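Visitor: I have the sequence and the coordinates open here, and I would like to talk through the pockets and the confidence before I do anything with them. Can we start with the pockets?

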Amino acid sequence: LKLQFLYLIGQRLSLLLAHPRSALMEAVLASMVEALAQRNDAQVPADRALTYYDSLTVPGVAIEVIFQRWVEYTADAENVLLAAAIFIERFCKKRALGLHSHSMHRLVIVALVVAAKYQSDAVAPDSYFAQVTGVSVAELRRLQVKFLTDVDFELYISSEKYETVLAALRPAAEAQQEAAAGVSLRPAVPERAAVQA
């Protein structure tokens, strides 16, 4: 039943993102994560204590590249990307300024790994995920334990939550498609003067 549900969600997501599979999803999620990180950067105190997720300097790798590598080298990418987005949202609700430029890379990586493990019965070993994401196996394991603790092991995602997230992503996905195509996908609205005539 779980696999059927996830398959249906994946089908809906691929319909929503009628673009090369996952490419649009990667761009939408990357832009959302980066926007949230930039917004939080202004509020994070300069003298804050470093967390497991923080790097001393902002990594030179774009978030979208992490999503692209994930899609390229792992299975069931659409469902995992969606679940990871939900897990990041839960993390941010519990730790208001937890996602910023110094932490977003590790947070995205650990959310993807936790989502992959939660979504599938047959999952790759941590060593494979470490190669895909570019972090060590030991660091990846520490991040998973810390992340699960930070979200209070709250991993269940209801069908209503999936639907809510898909509905929220739809406008961003349409805007990305429009920008890529250079045309509007929204129905044309007649001008006011033409309607009154």
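**Pockets and confidence**

Guide: Bearing in mind that this is a predicted model, the largest pocket holds about 430 Å³ of space.

Visitor: Which residues are closest to the centre of the largest pocket?

Guide: The largest pocket is lined by 18 residues, and of these Leu29, Met32, Ala85, Ile86 and Glu89 are the closest to its centre.

Visitor: And which helices supply at least two residues of that lining?

Guide: Helix H2 (23–41), helix H4 (77–94) and helix H8 (159–181) each do so, and the largest share comes from H4, which gives 7 residues to the lining of the largest pocket.

Visitor: How do the residues of that lining divide into nonpolar, polar and charged?

Guide: In the lining of the largest pocket there are 15 nonpolar residues, with 1 polar and 2 charged ones beside them.

Visitor: OK, what about the second largest pocket, how much space lies in it?

Guide: The second largest pocket has about 220 Å³ of space, and of the 16 residues lining it, Pro59, His105, Ile109, Thr133 and Val135 are the closest to its centre. Two or more residues of this lining are given by each of helix H3 (63–73), helix H5 (104–119) and helix H6 (126–133).

Visitor: What classes of residue does the lining of the second largest pocket have?

Guide: By class, the second largest pocket is lined by 8 nonpolar residues, 5 polar residues and 3 charged residues.

Visitor: Changing topic, where is the confidence lowest and where is it highest?

Guide: The lowest confidence in the protein chain is in helix H9 (residues 192–196), with a mean pLDDT of 45, whereas helix H7 (residues 137–150) has the highest, at 94. Over residues 183–197 the pLDDT is below 50, and this stretch has 7 contacts in the model beyond near neighbours in sequence. For the protein chain as a whole, the average pLDDT is 76, and 75% of the residues score at least 70.

Visitor: And what does pLDDT do over residues 1–9?

Guide: Over residues 1–9 the pLDDT stays under 50, and the model has 13 contacts for them beyond four places in sequence. Where pLDDT is low, the predicted coordinates should not be read in detail.

Visitor: One last residue: is Asp152 buried or exposed?

Guide: Asp152 counts as exposed because its relative accessible area is 52%, the cut-off being over 50%. Asp152 sits in the loop between H7 and H8, and its C-alpha is 9.6 Å from that of Arg90, although the two are 62 residues apart in sequence.

Methods:
Residues are numbered from 1 along each chain as its sequence is written. This is a predicted model: local features need pLDDT of at least 70, side-chain atom pairs count only at pLDDT 80 or more; totals for chains, interfaces and linings use all residues. Side-chain values use heavy atoms; hydrogens and water are left out. pLDDT is the predictor's confidence in each residue, from 0 to 100. Helices (H or I, at least four residues) and strands (E, at least two) are DSSP runs, numbered from the N terminus. Contact means heavy atoms within 4.5 Å. On a 1 Å grid over the protein atoms alone, a cavity is a set of points where a 1.4 Å probe fits but cannot get out, and a pocket is an open set with protein on both sides within 12 Å along at least five of seven lines; lining residues have an atom within 4 Å of a point. Grid points are joined across faces, edges and corners, and a volume is the space filled by probe spheres set on the points. Ala, Val, Leu, Ile, Met, Phe, Trp, Tyr, Cys and Pro count as nonpolar, Asp, Glu, Lys and Arg as charged, and the others, Gly among them, as polar. Buried means under 20% relative accessible area, exposed over 50%, partly exposed in between (1.4 Å probe, protein chains only).
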